[in-house]
Structure formats: structure tokens, C-alpha cells
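Q: I would like a close look at a single part of this predicted model, followed outward into its surroundings. Please keep the account careful and connected.

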Amino acid sequence: MNPAIPPSPDAAPPAWRPPTPEALEAHLQRHPAITPSPWARRTPLFVLGGVIFLAVVMQGPAAWLLPWLALMGMILYGRQKLMARRSFERRLARAQELVTLRHHRPALRSAWRLIPELVQHPAQQHRAVAVLAHALDNVGAYDTAIVAYDRLLNDLPSEHPGAIHLKVQRAIASLFTYQLSDADDALRRLRGPVEPLTKTPIGASYRFALLFQSVQTAHYAEAIDESDGLIEALRPLGVEAGYGHALLAWCHAQRNDPERDDANHAQSWWQRATTLLPASALRARFPEIKGEFRGVPRD
Amino acid sequence: MIESPSSLPADQGQPQSESSSPTAARRLPSFSPSRLQRELAFDGTLRTGALIGLFVAFMVLLSIGPGGSTVKIVLIMFMILAWIGLNLTGAKVAQSLPGLSSVLESNPAAGETALVSLMKKRALPRWVRLMLTHRQAVLRHRQQNFTESAAIAQTLLTTPRPGPAASHRGQLLLLLVEARLELRDATGAWLALVELSRTPLGLTEALQRMALRTRYELLVCQSEETLKGLEQKTQLAELMPAPQCGALHAMLATAAKHAGRDDLHTQLRSRVELLCSEDEIVQMLEGGLLV
């Protein structure tokens with residue numbers, strides 16, 4: 001495009017697209033986190049030692065001043081590093097706030113830009129990738145989110161509660177992309193580790209993942225049979241528990257057995273779901289729920 | 001506002017015998033603003049004294065005798081190492097602060113023991129001492145000793161030259177408002193809320209402020225005020241973890257009931273029932289946060 005010609009005011013803005021899995025993979029490979037070696041961290045001390053040695057062997061005023069100048073330099077260097085760290089911390093906190101406020105695209109942009117700048121700070125880069133993964137998941141770029149989850153899982157010990165949560169999130173993303181056997185494997189392996197975490201958001205996410213798995217594999221009756229205590233189990237998810245209620249409503253609507261009063265059950269579960277979340281949000285997350293439940297208003 | 005020993009919670013009333021077991025939890029003494037001032041003054045005196053001493057020693061070494069004397073060089077090195085050593089204690093304590101916060105969260109008794117040993121250190125930089133005292137306020141708040149947590153927060157907020165500890169001002173004000181609300185001190189809570197409105201806050205802290213303000217409005221029966229901007233408030237509440245989200249919905253439902261808006265009360269109450277467990281609902285009913 002010729003930069004001299006401004007775009008027509010009527011021209012539609014270019015459609016926003018989330019990064020592809022390949023683009024994210026390449027971005028992460030280009031900017032891997034570098035753990036600073038203990039020797040590198042002690043460099044200022046070695047410099048100070050060297051300067052003191054020079055001061056011992058040298059004569060004159062330089063011998064007196066050199067150690068103090070070195071000490072001053074060390075303090076200034078430390079201060080500069082601290083300022084840079086604080087600046088990264090501020091930007092990272094902002095990206096995390098954006099993702100919490102559900103401003104996923106700006107959060108995504110911010111985290112993407114931060115990753116190359118944080119190569120020397122592995123813990124902070126890990127947080128930036130976590131923001132990226134969360135934002136990608138929420139904009140529906142599940143394939144790319146899986147790449148980010150894999151990177152995060154690579155950084156954590158497998159029994160870490162954070163790793164368990166990430167594995168559940170990854171399994172949910174796999175279900176969205178119909179990588180069903182992958183998700184099934186992951187959920188089976190997570191059964192044991194999740195056991196003590198039932199009343200936490202991790203346990204609730206796992207329960208949601210099992211329900212979603214039943215929906216994606218069209219095991220509606222099984223999902224209904226295992227729905228005892230679902231409200232309690234999904235409660236730690238807050239309003240997002242509404243997604244689980246909507247899925248169970250969908251299961252009842254799909255089974256639609258008049259003898260088991262599925263229409264009424266579907267209605268009451270849908271009502272619970274829409275008490276927590278608007279119907280538009282539920283349908284945006286699960287496009288399958290486009291059809292109208294019998295006797296249930298669309299919004 | 002200093003807690004008397006008799007009014008401490010049951011688990012704090014019994015002094016622990018440190019001599020009986022080497023691993024017995026050690027307890028911090030009741031907070032006293034004058035003790036904090038004394039400790040700050042003592043730390044300051046030690047640090048300033050050390051700095052002046054080093055400077056004077058350097059000047060004396062520089063002014064007498066020719067350079068090149070190995071003894072003098074060694075003395076200078078010793079002075080530098082002494083200064084580094086003096087700052088090392090403060091740096092180590094500062095580094096342990098994030099870990100201490102998580103211990104206080106998961107195991108308050110162990111956290112208190114760690115806090116006792118850290119507070120015994122001398123020549124700490126002023127801001128590090130203030131940060132440790134801040135952790136003491138958090139600990140007391142967690143132990144539901146609201147009188148003492150409010151007293152500590154109030155003292156820290158009025159202490160001059162906080163340095164990097166100033167970044168905790170928002171948290172301290174939130175803690176102060178909550179402690180005063182627990183003590184049913186509406187005037188004190190209002191003053192802290194006004195101060196809080198002038199303080200820049202992050203998202204999490206802003207959400208906490210909204211919840212505390214709602215609680216204050218309920219306490220002083222300003223239901224109409226609570227229901228202003230209801231849609232925005234519920235949207236923001238949704239960003240909180242489930243229990244806090246449910247509690248804020250409960251307060252809004254109570255305000256709706258008090259304002260005679262039964263339809264709104266029913267709507268919000270149905271959300272509360274989905275967001276909160278039965279135990280939490282019973283607790284809120286008993287505390288007057290839900291009707």
C-alpha cells in the first residue's frame with residue numbers, strides 16, 4: 001500500500017486474527033528464557049575483588065579511590081537493574097489486569113511484546129506466557145493456546161498445583177479442538193492428582209473438563225448420570241460455572257426423553273446458567289448451543 | 001488501640017513455654033507504636049553511626065601517612081566489607097519478605113515464629129523494618145485480632161519516610177477499613193475509605209475497595225447509595241474469586257431488600273445461592289450481610 005494515500009474512511013479495518021500455533025512456537029523459540037548463571041550474578045563482586053586487588057598493587061591516590069569508585073559503580077549497577085525489573089513488573093501486572101478485565105486482545109499484544117524483553121527474567125517471562133495462554137484460550141485460539149500451555153508445563157515440575165491446573169486447561173483446549181484422545185489421556189492421568197483438590201478452582205475445572213468431554217463425545221446420558229453435586233463441584237469457578245450448567249442443559253436437551261422429564265431439567269439448568277452468565281456469552285463459547293431448547297427462551 | 005492480653009483470641013491467650021520445646025512457636029509481643037519508633041530510631045542510629053564511622057576512618061587514613069601501606073589498604077577493604085556486611089542483613093531480610101507472606105498465609109504460627117526472629121535483627125534499613133511491621137499487621141488481621149491490626153496499620157500509615165514501603169499504602173488502608181468495619185467503627189472506616197479513594201490502586205485492590213465500601217454503606221444503612229451503578233458493580237464482582245463474588249452479591253441483595261426492590265433482591269439472591277455454599281450463606285445470614 002502506498003503510504004502517501006490514506007486509507008478510505010469507509011474501508012473496513014483489517015480483520016484481527018490471533019497468532020497461529022506456528023507463529024507462537026517460532027516466537028517462543030526465538031526468545032527462550034535464559035537462567036542467569038550463579039557466576040554471572042556474582043560478576044559485580046568479582047569486579048570489586050579485582051579492583052581491590054589492583055588497589056593493593058597500585059600506588060598513589062588511585063589506590064585509595066578505586067575501591068570506593070568500584071563500590072559506587074556496583075550500587076549504581078544494582079539500582080539500574082532494580083529499576084528495569086520494576087518497570088517489567090509494572091507492565092506485566094498491567095497485562096495481567098487486562099486479561100482479568102477480559103480485554104483479551106490488548107493483553108495478548110502486551111504479553112507478546114514482553115516475551116522478548118524478559119529473556120533474562122525466566123519467572124517473569126513464565127508469567128507473560130501464562131497471560132498469553134489465558135488470552136488465547138479466551139479468544140478461541142485453542143490450538144495456539146495449547147502451544148503456550150506446553151511451554152508453561154515445560155517450566156514447571158509435574159506435581160506442582162500450577163502444572164495440574166495448566167494440564168486441565170490444556171485438556172479443555174484439546175476438547176475444543178476435538179483432539180479427543182489427547183484430552184482423554186490427559187484427564188485420565190489427572191484423576192489422581194486432582195483428587196485432593198476437589199473444592200478448589202482446579203478441581204472445579206477438572207469436573208468441567210469431564211462434563212465437556214462427555215458433551216464432545218456425545219455421551220449425554222453419561223453426563224446426566226454423573227451430574228450429582230455438579231453445582232457444588234463447579235462453584236469455585238464463580239460465574240464461569242454457568243458454562244457447565246449450560247452444557248448440562250444441552251445434555252438434557254439432546255437426550256430429550258419425555259419419561260425422564262428432560263425438557264424441564266434442560267430448562268432449569270439453562271436458567272441456572274443464565275443466572276450467572278448472559279445467554280450470548282454461553283452461545284459464543286459453545287456454538288453448538290445455537291438451537292433453542294424446548295420451552296426455553298433464547299435470552 | 002492496643003490490644004490488651006485479656007482480649008486476645010483464645011489461641012493467643014495462652015503464652016507458649018519456649019523453654020519446653022526448642023521448636024515451640026514464638027509469639028510477637030503486643031504492638032506498641034512507641035516500641036516501633038524506638039526500633040526505627042535504634043536502627044537509624046546504628047546505620048548512621050556506622051556510615052559516619054567509616055567516613056571518618058577513611059578521611060583519617062587518607063590524611064595521615066603516605067599511600068601504599070598494605071595495612072591501610074587492608075583497613076579500607078575491611079571498611080568496605082563492614083559496610084557490605086551491614087547492608088547484607090537488611091538485604092537478606094528484604095529477600096525473605098515474599099516467602100514470609102506465603103508462610104503467614106498458609107501457616108500463621110510458623111509465620112509468626114519467623115517474624116519474631118526477623119524482627120530481632122538490628123541495623124535494618126527503615127523500609128525493611130516497616131515492611132516487617134506490615135507483615136505483623138497482616139498476621140494479626142488473619143488471627144482476627146482487628147484491634148491490633150488496625151493499630152499497626154494506623155501507625156504505619158502515619159510513619160514518615162516509608163521509602164519503598166510506601167507501595168503498601170493501599171493494602172494497609174484496605175486492612176484498616178476492614179478492621180474498623182469488623183469493630184463496627186463506621187466513622188473510622190469512612191475516614192480510611194476517603195483516604196483510600198485518593199490512593200492509586202491496582203485492579204485487585206480496587207475490587208476490594210468496592211467490596212469494603214459496599215459493606216460500609218450497608219453498615220450505615222445507605223442502601224440507595226449501594227445500588228447506584230449496580231450493573232457495573234456486579235460486572236466487577238464477577239472478576240473476583242467465587243467466595244468474594246458471592247459475598248458482594250449477598251451485600252447487594254441485602255441492599256436491594258432494604259431499598260424495597262424485591263425483584264432485584266430475588267435476582268441477586270438466586271446468584272448468591274449458586275455462588276456460595278450453604279455454610280457461607282448461613283455465615284452471611286448470621287453476620288447480617290444477607291437477608
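What span should the 17 residues of helix 9 (residues 203–219) of chain B have at 1.5 Å a residue, and how far apart are its end C-alpha atoms?

A: In this predicted model, helix 9 of chain B covers residues 203–219, and at 1.5 Å a residue its 17 residues should span 24 Å. The end C-alpha atoms are 24 Å apart, so the length in the model agrees with the expected one.

The buried residues of this helix are L207(B), Q208(B), A211(B), L212(B), R213(B), T214(B), Y216(B) and L218(B). The list includes Q208(B), R213(B) and T214(B) along with L207(B), A211(B), L212(B), Y216(B) and L218(B). As for what these buried residues pack against, the partners are helix 7 (169–182), helix 8 (186–197), helix 10 (223–227), helix 11 (230–237) and helix 12 (242–258), which belong to chain B. Helix 9 of chain B is followed by C221(B), a residue whose phi is positive, near 60 degrees.

One of those partners, helix 7 of chain B, contains E182(B). With 16 other C-beta atoms within 10 Å, E182(B) is partly exposed, since a residue counts as buried from 20 such atoms and as exposed at 12 or fewer. The C-alpha atoms of E182(B) and T147(B) are separated by 9.2 Å, although the two residues are 35 apart along the chain.

Taken as a whole, chain B is made of 14 helices and 0 strands. Of its 291 residues, 32% count as buried, and among the contacts in chain B with a separation of 6 or more, 65% are between residues 24 or more positions apart.

The confidence of the prediction also belongs in this account. Chain B has a mean pLDDT of 86, and 87% of its residues reach 70 or more. Over residues 1–23 of chain B, however, pLDDT stays under 50, and for this stretch the model has 27 contacts beyond four places in sequence. Where pLDDT is low, predicted coordinates should not be read in detail. For the model, the scores are ipTM 0.82 and pTM 0.81.

Helix 12, another of the partners of helix 9 of chain B, leads on to the other chain. In the model, 20 residues of chain B are in contact with 24 residues of chain A. On the side of chain B that touches chain A, helix 3 (70–106), helix 12 and helix 13 (262–275) of chain B each supply at least two residues. Helix 3 of chain B gives the most to that side, with 5 residues. By type, the residues of the side of chain B that touches chain A divide into 12 nonpolar, 6 polar and 2 charged.

The largest nonpolar core has 131 residues, of which A111(A), A128(A), L132(A), A148(A), A209(A) and V177(B) touch the most other members. Helix 12 of chain B gives the most to this core, with 10 residues. A128(A), when its neighbours within four places in sequence are left aside, is in contact with L92(A), A95(A), A111(A), L114(A), I115(A) and L118(A).

Chain A, on the other side of the contact, has a secondary structure of 15 helices and 0 strands. Its radius of gyration is 27 Å, well over the 19 Å that the globule rule gives for 299 residues, so chain A is more spread out than a compact globule. Along the principal axes, the C-alpha atoms of chain A fill a box of roughly 100 × 60 × 30 Å. Of the 299 residues of chain A, 37% count as buried, and residues 24 or more positions apart account for 60% of the contacts in chain A with a separation of 6 or more.

Positive phi values also occur in the loops of chain A. R102(A), which is not a glycine, has a positive phi of about 65 degrees and is found in the loop between helix 4 (61–100) and helix 5 (104–117) of chain A. R102(A) is exposed, because 12 other C-beta atoms lie within 10 Å. Y178(A), likewise a residue other than glycine, has a positive phi near 60 degrees and lies in the loop between helix 8 (161–176) and helix 9 (180–194) of chain A. With 12 other C-beta atoms within 10 Å, Y178(A) is exposed.

Conventions. Residues numbered from 1 in each chain as written. Chains lettered and ligands numbered in written order. Predicted model: local features only at pLDDT ≥ 70, side-chain atom pairs only at ≥ 80, totals over all residues. Helix = DSSP H or I, 4+ residues; strand = E, 2+ residues; numbered from the N terminus. Expected span 1.5 Å × (residues − 1). Contact = placed C-beta atoms within 7 Å. Nonpolar A, V, L, I, M, F, W, Y, C, P; charged D, E, K, R; others polar. Core = buried A, V, L, I, M, F, W, Y, C linked by C-beta atoms within 7 Å. pLDDT = per-residue confidence, 0-100. Rg over C-alpha atoms; globule rule 2.2 N^0.38 Å.
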